[in-house]
Amino acid sequence: MAKGNEKQSIDASTEEKIKEAARVVFTRKGFVSTKVRDIAAEADINLALVNYYFRSKQKLFDLIMIETIEKLFSEIKVIITDESTSLNTKIELIVDHYIDQLLNNPDFPLFIVNEILSGSNKFPAFLKNAEMIKGSFFFKQLNQLNSDKKLEVNPIHILVNIIGLIIFPFLGRRVLEKAAGLEEEAFRSLMEERKKLIPIWIGKIIES
């Protein structure tokens, strides 16, 4: 390997190591309470390297938030803009996608909630994607329920119900695991069951 390519490889590896450590620390402590030295300690690297690669805690946080949120919404965009699938199919796909995403990153909802409660305004990417959902074909299908008189309600209520049913178990995961005596595998199995149950529950609301 040429020296230039070898340096690029080392740089990329170090950056990813720092970003992964930052995800862990930001999730555990929140933006305000996190220090750059905490991230360096988690990554087991020199503090100066974190500053060298990312310049500031703010820039590192912004980068991680953009990457995480874009990952959460990238596949969803394909689902909610598809004009060939039914509303029920979209709900099934959305639930399946987000539960998989959260099983891979179970502390992310708690991190978001903590940041919101702290008065954080560091979510422009989140707000941008939220606007994308509101302008999607999926939202039009929800609105159509009112036109068809199947359900006379603001579509946002349906969205909130879907999101709440997906996210709440992850927010209360530690309590749920202790109260119900669940091991990690049992929790995962429970969430796999919810992939099937949530669309059924939402479907009953829509049909009522």
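1. In this predicted model, helices α8 and α9 (residues 155-171) pack at an angle of about 120 degrees, and their axes lie 9 Å apart. Because an angle of that value falls outside the ranges that count as roughly parallel, roughly antiparallel or roughly perpendicular, α8 is oblique to α9. The crossing in which α8 passes α9 is right-handed.

2. On the α8 side of this packing, F138, F139, L142, N143 and N146 take part, and they meet P155, I156, I158, L159 and I162 of α9. Sorted by class, the contact of α8 with α9 consists of eight nonpolar and two polar residues, with no charged residues.

3. Helix α8 (residues 137-147) also packs against α5, where the two axes come within 10 Å and cross at roughly 130 degrees. That angle makes α5 oblique to α8, and the crossing of this pair is left-handed. From α5 the contact draws on L87, K90, I91 and I94, while α8 contributes F137, F138, Q141, L142 and L145. The contact of α5 with α8 has seven nonpolar residues, one polar and one charged. A reader following α8 through the model may note that F138 and L142 are listed in its contact with α5 and also in its contact with α9.

4. A further partner of α5 is helix α11 (residues 184-207), the two being packed at an angle of about 155 degrees with axes 10 Å apart. Since angles over 145 degrees count as roughly antiparallel, α5 and α11 are described as roughly antiparallel to each other. Their crossing is right-handed.

5. The α5 side of the contact with α11 is formed by L87, I91, E92, V95, D96, I99, D100 and L103, and the α11 side by F187, R188, M191, E192, R194, K195, I198, P199, I202 and I206. In terms of class, the residues of the contact of α5 with α11 comprise eleven nonpolar and seven charged, with no polar ones. On α5, L87 and I91 appear in this contact as well as in the contact with α8.

6. Turning to open space in the model, the second largest pocket has a volume of about 470 Å³. Its lining is made up of 20 residues, of which R23, T68, N104, N105 and F108 are the closest to the pocket centre. At least two lining residues are supplied by each of α1 (3-33), α4 (57-80), α5 (87-104) and α6 (108-117), and α5 is thus a helix that both lines this pocket and packs against α8 and α11. By class, the lining of the second largest pocket has nine nonpolar, five polar and six charged residues.

Definitions and conventions
Residues are numbered from 1 along each chain as its sequence is written. This is a predicted model: local features need pLDDT of at least 70, side-chain atom pairs count only at pLDDT 80 or more; totals for chains, interfaces and linings use all residues. Side-chain values use heavy atoms; hydrogens and water are left out. On a 1 Å grid over the protein atoms alone, a cavity is a set of points where a 1.4 Å probe fits but cannot get out, and a pocket is an open set with protein on both sides within 12 Å along at least five of seven lines; lining residues have an atom within 4 Å of a point. Grid points are joined across faces, edges and corners, and a volume is the space filled by probe spheres set on the points. Helices (H or I, at least four residues) and strands (E, at least two) are DSSP runs, numbered from the N terminus. Ala, Val, Leu, Ile, Met, Phe, Trp, Tyr, Cys and Pro count as nonpolar, Asp, Glu, Lys and Arg as charged, and the others, Gly among them, as polar. Axes are lines fitted to C-alpha atoms, for helices over the stretch in contact, and angles run from 0 to 180 degrees between N-to-C directions. Angles under 35 degrees count as roughly parallel, over 145 as roughly antiparallel, 65 to 115 as roughly perpendicular and the rest as oblique. A crossing is left-handed if the near helix is turned anticlockwise from the far one by less than a right angle, and right-handed if clockwise. Contact means heavy atoms within 4.5 Å.
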